[in-house]
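Subject: Structure for your review

Dear colleague,

Please find below the structure I agreed to pass on to you. My notes on it follow directly after.

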Amino acid sequence: MEFLKNVFRLFWRPWFYAWVFFTILFALPILIVVISFDRFYKAFFKIAIAWGKTILFVMGFKPVVETEEEILPDKSYLFIANHASLIDVMLMLAVMKNPAVFVGKKEVRKIPVFGYVARKTSILVDRSDAESRKEVYISAQEKLSQGLSIAIFPEGLVPPENILLSDFKNGAFRLAIEHQIPIVPMTFYDVKKRFSWTFFSGWPGKLRVKIHQFIQTEGLTLDDMEATKEKAYTIIHDELVKDMNG
């Protein structure tokens, strides 16, 4: 049975990469226009949502969302989630309702086609460069002033597969407190087993997501950053442990 699954994966994995590459390539003429002007960003985000949902659908994934608190339209948030898979961005796009800008690592610039779009639409950071980290806050302020939200995976990088949840970096929580926006913690339960970095692994199926009660930052200062980070980490970590033991 496992042999047959691996035969399926031999075609299923390239199917994913082909869809990601060629859908972006096909839409590139339109994308070049909409990502060239800030006023068109919300139009770009609608395209991004459709793209994310399409990739999940053709891969046989079905998002199933449980919500503890409703996300309000036309309000800025900081969206965070655990980072464990190649499909995390697509899943977050499928779940978020509000136009948001992703904060990601600079290495994505090197990815053909996708890297070009990411450079134009995301906030990319070199975490080893203090000046680059400083520029993130300036860029985030500009995006928030336009009524957008921010989306970030606070672990920074995808952790090894034997790590349930890596320590969170400070950046996301500094942003939320400095801009006094609610933090929306989300738990992605199934992404690692559905589509990890291991080639001969994964399988179509449900992608369960839980949108937790928001963490309010109004009135908080940077002195509260560590406690806020720990609160967010505990929410997602404990949920993953409960699901693993359930």
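Gln180 sits in the loop between α6 and β6 (183-188). In this predicted model, Gln180 comes after α6 and has a positive phi, near 55 degrees, although Gln180 is a residue other than glycine. Most residues other than glycine have a negative phi. With a relative accessibility of 33%, Gln180 counts as partly exposed, because the partly exposed class lies between 20% and 50%.

A second residue of this kind is Asp74, which is not a glycine and yet has a positive phi of about 60 degrees. Asp74 belongs to the loop between β1 (61-67) and β2 (78-81). Its relative accessible area is 78%, so Asp74 is exposed, the cut-off being over 50%.

The helix that precedes Gln180 deserves a description of its own. Within α6 (residues 171-179), the buried residues are Ala172, Phe173, Leu175, Ala176, Ile177 and His179. Helix α6 also packs against α8 (residues 225-245): the two axes come within 9 Å and cross at roughly 120 degrees, which means that α6 is oblique to α8. The crossing is right-handed. On the α6 side the contact is made by Phe173, Arg174 and Ile177, and on the α8 side by Met225, Thr228, Lys229 and Ala232. Two of these α6 residues, Phe173 and Ile177, are thus also among the buried ones.

Another helix pair is formed by α2 (residues 41-58) and α3, whose axes are 8 Å apart and make an angle of about 120 degrees. These helices are therefore oblique to each other. In this case α2 passes α3 in a left-handed crossing. From α2, the contact involves Phe45, Ala48, Ile49, Trp51, Gly52, Lys53, Ile55 and Leu56, while α3 contributes Met90, Leu91, Leu93 and Ala94.

One of these residues, Gly52 of helix α2, has a relative accessibility of 0% and so counts as buried. Apart from its neighbours within four places in sequence, Gly52 is in contact with Met90 and Leu93. The C-alpha atoms of Gly52 and Pro73 are separated by 20 Å, the two residues being 21 apart along the chain.

Pro73 brings us to Asn98, which touches it. Asn98 lies in the loop between α3 (88-95) and β3 (100-105). Is Asn98 buried or exposed? Its relative accessibility is 3%, so Asn98 counts as buried. A polar atom of the Asn98 side chain lies 2.8 Å from the backbone oxygen of Leu72, and the backbone oxygen of Lys75 is likewise 2.8 Å from a polar atom of that side chain. Not counting residues up to four places away in sequence, Asn98 touches Phe45, Ile71, Leu72, Pro73, Asp74, Lys75, Tyr77, Phe79 and Ser149. The list thus includes Asp74, the exposed loop residue described above.

It also includes Phe79, which leads to the nonpolar core. In soluble globular proteins, nonpolar side chains tend to be buried together. Here the largest nonpolar core has 75 residues, and Phe79, Ile80 and Met92 touch the most other members. Leaving aside neighbours within four places in sequence, Phe79 is in contact with Ile71, Met92, Met96, Asn98, Ala100, Ser149, Ile150, Ala151, Ile152, Val184 and Met186. Ile71 and Ser149 are touched by Asn98 as well.

With kind regards

Terms used: Residues numbered from 1 in each chain as written. Predicted model: local features only at pLDDT ≥ 70, side-chain atom pairs only at ≥ 80, totals over all residues. Heavy atoms only, no water. Helix = DSSP H or I, 4+ residues; strand = E, 2+ residues; numbered from the N terminus. Buried < 20%, exposed > 50% of the residue type's maximum accessible area, 1.4 Å probe, protein only. Polar contact = N/O pair within 3.5 Å; in protein donor to acceptor, adjacent residues only side chain to side chain. Contact = heavy atoms within 4.5 Å. Core = buried A, V, L, I, M, F, W, Y, C linked by side-chain atoms within 4.5 Å. Axes fitted to C-alpha atoms, helices over the stretch in contact; angles between N-to-C directions. Parallel < 35°, antiparallel > 145°, perpendicular 65-115°, else oblique. Left-handed = near helix turned anticlockwise from the far one by under 90°.
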